[in-house]
Amino acid sequence: MEKILISACLVGDNTKYNGKNNLSDKIPQLLEKYELVPFCPEMEGGLKSPRKPSERVKDRVKMSDGKDVTKNFEAGAELALNICLYLGIKIAILKENSPSCGTHKIYDGTFSGKLVNGMGVTAELLKRKGITVLSEEEIDTLLETNTNLLIVCFLAVVINAKFFIICFF
């Protein structure tokens, strides 16, 4: 069964900055097709839960009190990449809007709740290293793509009575 790295908060782990989670109702469907590898780059990078919220500002990540936690975010991202490489993971499902895991949108760094186009530290690193990065909002598309993949194989006899398996994808 193919392994997928997934934000730990999406499987119900209380790893968010506020001590809560973002449990996705799509987890049972994912478990039918994939082995999920939960991971929280922020926690694995040395931060605790609960903690002050963090936002990405260019190449830095700061908490709402101004503390620079960039090194924690970078360490968590490197650990996520190492897990993907070690386990042969090619797909990651990450929490949108997160300063670590945002795949399309992140908060703008002003702690005003404004979203901007951008990626979290972990999402950016994984994508740069060739891992397919999806948000939880794209789970349905992943499940549909896999369900609709039709493989038709048949045995064909060709010249000199040699047998080949031919597959159409």
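**Exercise 1. Cysteine 40 and cysteine 101**

Decide whether cysteine 40 is buried or exposed in this predicted model, and explain why its sulfur forms no bond with the closest cysteine sulfur.

Solution.
- Step 1. Cysteine 40 has a relative accessible area of 12%. Buried means under 20%, so cysteine 40 counts as buried.
- Step 2. The closest cysteine sulfur belongs to cysteine 101, and it lies 6.7 Å from the sulfur of cysteine 40.
- Step 3. A disulfide is a covalent bond between the sulfur atoms of two cysteines. The cut-off used here is a pair of sulfur atoms within 2.5 Å. At 6.7 Å the sulfur atoms of cysteine 40 and cysteine 101 are too far apart, so there is no bond.
- Step 4. Cysteine 101 is likewise in no disulfide. Cysteine 101 has a relative accessible area of 4% and is therefore buried.
- Step 5. The count for the structure is zero disulfides.

**Exercise 2. Glycine 120**

Describe where glycine 120 sits and which residues it contacts, leaving aside neighbours within four places in sequence.

Solution.
- Step 1. In the chain, glycine 120 is in the loop between β7 (115-117) and α4.
- Step 2. Its relative accessible area is 0%, so glycine 120 is buried.
- Step 3. With neighbours within four places in sequence left aside, glycine 120 is in contact with Arg56, Ser98, Pro99, Ser100, Cys101, Gly102 and Ile106.
- Step 4. Tyrosine 107 is 13 residues from glycine 120 in sequence, and their C-alpha atoms are 9.5 Å apart in space.

**Exercise 3. Threonine 122**

State which helix holds threonine 122, and whether threonine 122 is buried or exposed.

Solution.
- Step 1. Threonine 122 is placed in helix α4.
- Step 2. Its relative accessibility is 1%, so threonine 122 counts as buried.
- Step 3. Once neighbours within four places in sequence are set aside, the contacts of threonine 122 are Pro41, Phe73, Gly76, Ala77, Ala80 and Ser100.

**Exercise 4. Two pockets**

Find the volume of the largest pocket and of the second largest pocket, and describe the lining of the largest pocket and of the second largest pocket.

Solution.
- Step 1. The volume of the largest pocket is about 500 Å³. It is lined by 26 residues, and those closest to its centre are Lys16, Tyr17, Asn97, Ser98 and Pro99.
- Step 2. At least two lining residues of the largest pocket come from each of α2 (41-44) and β3 (54-57). By class, the lining has twelve nonpolar, seven polar and seven charged residues.
- Step 3. The second largest pocket holds about 170 Å³ of space. Its lining residues are Arg56, Asp59, Thr70, Glu74, Ala77, Glu78, Val121, Glu124, Leu125 and Arg128. Two or more of them are given by α3 (70-87) and by α4 (121-128).
- Step 4. The lining of the second largest pocket divides into three nonpolar, one polar and six charged residues.

**Exercise 5. The whole chain**

Give the make-up of the chain in helices and strands, and find the stretch where the pLDDT is below 50.

Solution.
- Step 1. The chain has five helices and ten strands. It has 169 residues, of which 40% count as buried.
- Step 2. Among contacts between residues at least 6 apart in sequence, 58% join residues at least 24 apart.
- Step 3. The mean pLDDT of the chain is 89, with 86% of residues at 70 or more. Residues 147-169 are the stretch with pLDDT below 50, and beyond near neighbours in sequence this stretch has 25 contacts in the model.
- Step 4. Where pLDDT is low, the predicted coordinates should not be read in detail.

Definitions and conventions: Residues are numbered from 1 along each chain as its sequence is written. This is a predicted model: local features need pLDDT of at least 70, side-chain atom pairs count only at pLDDT 80 or more; totals for chains, interfaces and linings use all residues. Side-chain values use heavy atoms; hydrogens and water are left out. On a 1 Å grid over the protein atoms alone, a cavity is a set of points where a 1.4 Å probe fits but cannot get out, and a pocket is an open set with protein on both sides within 12 Å along at least five of seven lines; lining residues have an atom within 4 Å of a point. Grid points are joined across faces, edges and corners, and a volume is the space filled by probe spheres set on the points. Helices (H or I, at least four residues) and strands (E, at least two) are DSSP runs, numbered from the N terminus. Ala, Val, Leu, Ile, Met, Phe, Trp, Tyr, Cys and Pro count as nonpolar, Asp, Glu, Lys and Arg as charged, and the others, Gly among them, as polar. Buried means under 20% relative accessible area, exposed over 50%, partly exposed in between (1.4 Å probe, protein chains only). Contact means heavy atoms within 4.5 Å. pLDDT is the predictor's confidence in each residue, from 0 to 100.
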